[in-house]
Amino acid sequence: MRIWERKVLLFFGDLSILIVVLYLCQLALNPELDLTLFFKQNYLSSIYALTLFWTLAVTFNLYDLEYVNKTRKVLPLAFFIGIMCTSIYVVTPILSSTIPVQRVPILTFIFSFTIALIIWRVFYASIIHSNLFVKNFILLTAGNTDAQLLQKIKSSIEGKDYDHGIKILRVYTTQTDEKQAQNLTRTIERISAKKIIDGIIVLDNDQELISKSLNSVLVKILSYGIQVKTYFELYEEVKEAIPLQFAENKLYSILPISKYNQNYFYLLWHKLLNIIASIIGLSLMILLSPIIMLFNMFFNRGPLFYRQFRIGKGGEEIEITKFRSMIVEAEDNGAKMSVKGDLRITSFGNILRKTRIDELPQFWSVLKGEMSLIGPRPERKFFINQLIKSIPLYDSRHLIRPGITGWAQVKCDYGENIEDSLKKLEYDLYYIKNRSITLDIRIIFKTINTIIFYRGQ
């Protein structure tokens, strides 16, 4: 099953449990109640329960496969969401008419759903995922591929404990010698015919990797129902990022440049999202400014705001405004990237950053059209000039407006070095290539999750 199919399975499993528990709680009070009558009488409250659960599950990453494939992680998460969902449901009686007012049925509902959800999720993580969803692949690579790079490729696809549901059984090196190439071709065909693998990954950064004879076999393998994917395609699918180490300088080969400005329906959604977010963000800024000013007098002495020039769409400089979170003399010794545990950040400034409150003034830039709610993080020209020397495609992130939040920001931690910046760029380019209403909504929920769990940067 594909990644989205596994998420759908989890989703319907969760919702089935919720409906069954709701029905059983009613059945215990009314033994003559049948399922049809239950839905007829309680369809609105059932929809409310499903919507409430889905909102909490998405917000708290209950469908993030890299997170919930491990029993030790899914146990506390399922318990927390089960308790929260049912507790909110029972304290909103106008919307949740399926639950009676007596204490015992309420407690029964809360704990029954929570326990059932935990059992289902543990069963999925320990039995279904590990036994049914892990696919076996073989990797075809060139003879000059560095061993360290090869190990990095394998780990990026497999993840930790096969988080992505992929296991590389064998690695085969393509040969330039015709006789050796023929032997490799026969080996691959034999393995594929026996159906002991689910797919073949081709590391195709070298255009001469696949010989004509091997190419013919790959075509035949497709007829067996076995997947043949490039490493580039698979990386993008499982990591939701662009593998830039194999892109070289060929931006046109990885990014359809015109895609992001052709979908007019999406552009309308993006415009409305920015306007609504700006109104909400600026309203919160006005409400919170007196409180922040008061705390600044004691814990963050100095100006309330700070202004700085950053690089926007097309490489143009824009001025952004944020609530100040660092000491006044933070850059007396020159510009420095903010890192995890940065001593220049004040105690109150750290709270502003973790809760993303320091970002609120930037909504003025969003309202003016210089920034968006969602997009690559705006960086300073000084750092960009340094990064472009090491990462040739780094300036491609300026194809769209920078954002207050973004795909890279919710997927990565602090960018403290070149490797971290490259990783963030992979996510930024993935967003530019694949941005959609669905991806925007995912980013919004992940941002809410970041704020709730105090993981802002």
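A polar contact here is a pair of N or O atoms within 3.5 Å, where one must be able to donate a hydrogen and the other to accept it. Keep that handy for the first exercise. One caveat before you start: this is a predicted model.

**Exercise 1. Work out the surroundings of Ser372: which element holds it, is it buried or exposed, and what does it touch?**

Step 1. Find the element. Ser372 sits in strand S7, which covers residues 372-374.

Step 2. Check the cover. The relative accessible area of Ser372 is 3%. The cut-off for buried is under 20%, so Ser372 counts as buried.

Step 3. List the partners. Skip the neighbours within four places in sequence, and Ser372 is in contact with His270, Asn274, Val366, Arg401, Pro402, Gly403 and Ile404.

Step 4. Look for a polar contact among the side chains. Ser372 and His270 have one, at 3.4 Å.

Step 5. Add a C-alpha distance. Ser278 is 94 residues away from Ser372 along the chain, yet their C-alpha atoms are separated by 9.2 Å.

**Exercise 2. Describe the nonpolar cores, starting from the largest one.**

Step 1. Get the size and the best-connected members. The largest nonpolar core has 55 residues, and Ile157, Ile201, Phe363, Trp407 and Tyr431 touch the most other members.

Step 2. Look for a second core. Apart from the largest one lies another core, of 36 residues, including Ala57, Tyr63, Val74 and Ile106.

Step 3. Zoom in on Phe363. Not counting residues up to four places away in sequence, Phe363 touches Ala277, Ser278, Gly281, Leu282, Leu373 and Ile404. Ile404 also turned up as a contact of Ser372.

Step 4. Put it in context. In soluble globular proteins, nonpolar side chains tend to be buried together.

**Exercise 3. Take helix H9 apart: how many of its residues are buried, and how do Tyr231 and Tyr235 pair?**

Step 1. Count. H9 runs over residues 231-239, and 7 of its 9 residues are buried.

Step 2. Name them. The buried set is Tyr231, Phe232, Leu234, Tyr235, Glu236, Val238 and Lys239.

Step 3. See what comes next. Glu240 follows H9 and has a positive phi, near 55°.

Step 4. Turn to the rings. The structure holds 14 aromatic pairs. In one of them, Tyr231 and Tyr235 are tilted, at 5.6 Å centre to centre with 55° between the planes.

Step 5. Place the two tyrosines. Both belong to H9 and are 4 residues apart, about one turn of the helix. Tyr231 is buried at 1% relative accessible area, and Tyr235 is buried at 7%.

**Exercise 4. Now do the pair Phe305 and Phe323: is it stacked or edge-to-face, and where do its rings sit?**

Step 1. Read the geometry. The centres of Phe305 and Phe323 are 5.1 Å apart, with 20° between the planes. Planes under 30 degrees apart count as stacked, so this pair is stacked.

Step 2. Locate the partners. Phe305 is in strand S5 (residues 305-311) and Phe323 in strand S6 (residues 317-323), 18 residues apart.

Step 3. Check each side's cover. Phe305 is partly exposed, with a relative accessible area of 26%, whereas Phe323 is buried at 0%.

**Exercise 5. How many disulfides does the structure have, and are Cys85 and Cys412 buried or exposed?**

Step 1. Search the whole structure: 0 disulfides turn up.

Step 2. Check the two cysteines. Cys85 is buried, with 2% relative accessible area, and Cys412 is buried at 9%.

Definitions and conventions: Residues numbered from 1 in each chain as written. Predicted model: local features only at pLDDT ≥ 70, side-chain atom pairs only at ≥ 80, totals over all residues. Heavy atoms only, no water. Buried < 20%, exposed > 50% of the residue type's maximum accessible area, 1.4 Å probe, protein only. Contact = heavy atoms within 4.5 Å. Disulfide = S-S within 2.5 Å. Core = buried A, V, L, I, M, F, W, Y, C linked by side-chain atoms within 4.5 Å. Phe/Tyr/Trp six-rings, centres within 6.5 Å; stacked < 30°, edge-to-face > 60°.
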